[in-house]
Amino acid sequence: MENIDIFTALIKSHDVQRKLCDSLEMSLKDKDRKQAEQRYEPLRIELQAHAAAEERHLYVPVMKFDDGLDLSRHAIAEHHEMDEMMQVLSDGRTGDERFFETATKLIDEVRHHLKEEENNFFKDAKQLLDTQTQKRLGVLYQAEHESFEERND
């Protein structure tokens with residue numbers, strides 16, 4: 001585990017999510033359901049690990065500040081939207097058309113969320129959290145993220 005701050009750790013995770021979205025998107029263009037499901041699974045695990053650790057080790061600390069309440073609520077709401085889409089994709093009874101449509105929406109939402117976080121949320125959150133706290137949260141985030149992935153592999 002690296003000794004990096006929360007924002008660096010999150011951006012590394014965001015880069016993984018972007019690559020996984022790109023991979024899934026390729027199989028959607030080919031309309032290959034089996035391949036799409038295989039490529040969706042690592043994205044699902046990554047998104048769930050990321051959201052759980054991010055909410056606990058960034059959003060909750062930011063919510064302790066009045067200026068951070070609305071920021072965190074908005075980001076948590078977007079995580080919830082992605083969770084609902086992942087439930088549809090993981091259902092096992094979803095038809096091809098709905099599967100491809102939902103997977104496309106998930107990719108779009110992930111990309112939107114990452115861009116919004118990196119361009120807006122992180123800048124505001126850096127103003128609220130001191131450097132020592134950012135480093136401590138980075139270690140905690142990485143540990144929880146890795147633990148989640150190990151339990152779900």
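The following exchange concerns the cavity, pocket, cores and selected residues of a predicted model. In this predicted model, local features need pLDDT of at least 70 and side-chain atom pairs count only at pLDDT 80 or more, while totals for chains, interfaces and linings use all residues. Residues are numbered from 1 along each chain as its sequence is written, and side-chain values use heavy atoms, with hydrogens and water left out.

Biologist: Which element gives the most to the lining of the largest cavity?

Modeller: A cavity is, on a 1 Å grid over the protein atoms alone, a set of points where a 1.4 Å probe fits but cannot get out, and lining residues have an atom within 4 Å of a point. The structure holds one cavity of 30 Å³ or more, and about 70 Å³ of space lies in the largest cavity, a volume being the space filled by probe spheres set on grid points joined across faces, edges and corners. Helices here are DSSP runs (H or I, at least four residues), numbered from the N terminus; those giving two or more residues to this lining are α2, α3 (69-90) and α4 (96-128). With four residues, the element that gives the most is α3.

Biologist: Is His79, a residue of the cavity lining, buried or exposed?

Modeller: His79 is found in helix α3, and its side chain makes a polar contact of 3.4 Å with the side chain of Tyr59. A polar contact is a pair of N or O atoms within 3.5 Å; within protein, one must be able to donate a hydrogen and the other to accept it, and residues adjacent in sequence count only if both atoms are side-chain atoms. The classes are buried (under 20% relative accessible area), exposed (over 50%) and partly exposed in between, with a 1.4 Å probe and protein chains only. Because its relative accessible area is 3%, His79 is buried.

Biologist: Which element supplies the largest share of the lining of the largest pocket?

Modeller: A pocket is an open set of grid points with protein on both sides within 12 Å along at least five of seven lines, and the largest pocket has a volume of about 180 Å³. Its lining includes Glu2, Lys12, Glu46 and Tyr141, and α1 (6-29) and α5 (131-151) each supply at least two residues. The largest share, five residues, comes from α5.

Biologist: Which residue makes a polar contact with the side chain of Arg33?

Modeller: Arg33 is found in helix α2 (residues 33-63) and is buried, with a relative accessible area of 15%. Beyond residues up to four places away in sequence, Arg33 touches Thr94, Gly95, Asp96, Phe99 and Phe100, where contact means heavy atoms within 4.5 Å. At 2.7 Å, the side chain in polar contact with that of Arg33 belongs to Asp96.

Biologist: How many residues does α4 give to the largest nonpolar core?

Modeller: A nonpolar core is a set of buried Ala, Val, Leu, Ile, Met, Phe, Trp, Tyr and Cys residues joined through side-chain atoms within 4.5 Å. Of the 19 residues in the largest one, Leu24, Leu28, Leu43, Leu106 and Val110 touch the most other members. α1, α2, α3 and α4 each supply at least two residues. The most come from α4, and the number is seven.

Biologist: What is the relative accessibility of Leu24?

Modeller: Leu24 has its place in helix α1. Leaving aside neighbours within four places in sequence, Leu24 is in contact with Ala36, Arg39, Tyr40, Leu43, Ala103 and Ile107. Leu24 counts as buried because its relative accessibility is 0%.
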